[in-house]
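User: Please take a close look at one part of this protein, the neighbouring strands near the end of the listing you have. I would like one connected account.

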Amino acid sequence: MFRTLPFALLCLCATAMAQTQTVAAPAAKLAFAIPKLFGPDGLTLPNPNHLAHFDSDFQANFGPFNGAIGSQLTSLPLPSPASGFTYTFDPALGIYTRSAQSYGPVLAERAETIGKEKFFAGFSFQHFRFSTLDGVDLRHFASVFQHTQSTPDPLIKQDIITTNTFVDTQIDQSTAFFTYGLNDRIDVSVAVPFVNAKLAVVSDATIQRIGTGTNATIHFFVDSNGNPTDHKQFSSSGTASGLGDVLVRVKGTAWKTAPAWLAVGLDVRLPTGDAYNFLGSGALGLKPFVAISGRTKKITPHVNLGYQWNDSSPLAGDIFTGTKGHLPNQFSYAVGFDAGVGKRFSFATDVLGQEVFHAEGVTPMTFTAANGSKFADNGFVRETTNITNGSVGFKVNPIGTLLVSFNVLVQLNDGGLRSRVVPLVGFSYTF
């Protein structure tokens, strides 16, 4: 059975790659919720005698939010596909014995391989609820819409519309993962995530009559009863479920000594998830990495270093035309340790980070109107961003080679699109 697994894994990869062809995206998908929040023509007012069109970075250039989602989906921390039980051949005894007392890290990678013809299978569940973008609270996202400047009247185009927007993005990720030991030094792994994405957006808009003063007949909204008003609420929401981006990993132990082991590997992320519904990144990804594990009796320190190259995705381009843009590349790292505590309990902690290059970000700013009034606003910038999280978890071995895992990922800084706390629960078995 196990000798056929490499062929099965290759078939799975081929099937996943066949599903990556880009198709036209219907407007109902989640990536269009914010760009079309105020209607198909943007934020316009109903005065038939005056073209009242208002523009803002929030809508016209809110591609950075979709790009941030896409970038985040390239680096959602999957549980390590490395088995908690690792084996090495003991020539003196002529059998395979466990090579580490600890059950290994939860989200980081260990240098040890599973062992020749060993098979490992597991399942995990993670919940992400993104609440900030570069430290800006997505529950109170301020924007200023300026009147189109093509209007000849100097007073009319001084009016602005301010908005306060609530953006709630949630992702539930259920992942099945499998690892097979080709020999004593090389593993092949596959992680197959199934994603449920939810997006809800509510924006409260207010007309600020900077130029037109008390004249309420030029710029106004219309309420549900057909009456003119200075305020209006816009909302949009949706959910989507399906296959996420499949990850294929090859890892080999390159160097073994008494104090430490070193492994090198390659992650290949296949764009099998529907990017327009935030189920996947929409881009192929390649990540060569190095994993180093110390060799002590009970405590195993480890260091991971990797560089993730991402291809182009519609989430980083123009979602209306399907034009793709390049998702940011990343340098990733993990530093921590795992420790065996007794025969059936293992503890793990890590600091996990990514340096995201040329990422689309947001920065708070103040808009000064023509009369000197100041309003909160947010602008979009392209910059290199650091994302750092802390990870604390443990694994329990209730019976045989069954492991039950619990972990919490905690936000340590403000960079990128972030979820403050990400819980994980999972189980795995080594055959």
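Analyst: A good place to start is residue F394, whose bridge partner in β22 is F406. The model is predicted, and what follows describes that model. This pair belongs to the contact between β21 and β22 (residues 402–411), two strands that run antiparallel and are joined by 9 bridges. The strands β21 and β22 form a hairpin with 2 residues between them, and in this hairpin G400 has a positive phi near 55°.

On its other pairing, β21 (residues 374–399) meets β20 (residues 345–368), again in the antiparallel sense, over 22 bridges. One of the pairs here is G353 with its bridge partner T388 in β21. β20 and β21 also make a hairpin, with 5 residues between the strands, and G372 in the turn has a positive phi of about 90°.

Another feature involves strands with lower numbers. A nonpolar surface patch of about 680 Å² is made by L266, L286, I292, V303, L305, Y307, W309, F331 and V335. At least two residues of the patch come from each of β15 (285–294), β16 (299–310) and β19 (330–340). Of the strands, β16 gives the most, with 4 residues. V303 lies in β16. This residue counts as partly exposed because its relative accessible area is 30%, a value between the limits of 20% for buried and 50% for exposed.

Notes
Residues numbered from 1 in each chain as written. Predicted model: local features only at pLDDT ≥ 70, side-chain atom pairs only at ≥ 80, totals over all residues. Heavy atoms only, no water. Patch = residues over 30% accessible without salt bridge, like charges linked within 9 Å, V, L, I, M, F, W, Y side chains within 5 Å. Areas by Shrake-Rupley, 256 points an atom, 1.4 Å probe, with all protein chains shown as cover. Salt bridge = Lys/Arg side-chain N within 4 Å of Asp/Glu carboxyl O. Buried < 20%, exposed > 50% of the residue type's maximum accessible area, 1.4 Å probe, protein only. Pairing = 2+ DSSP bridges.
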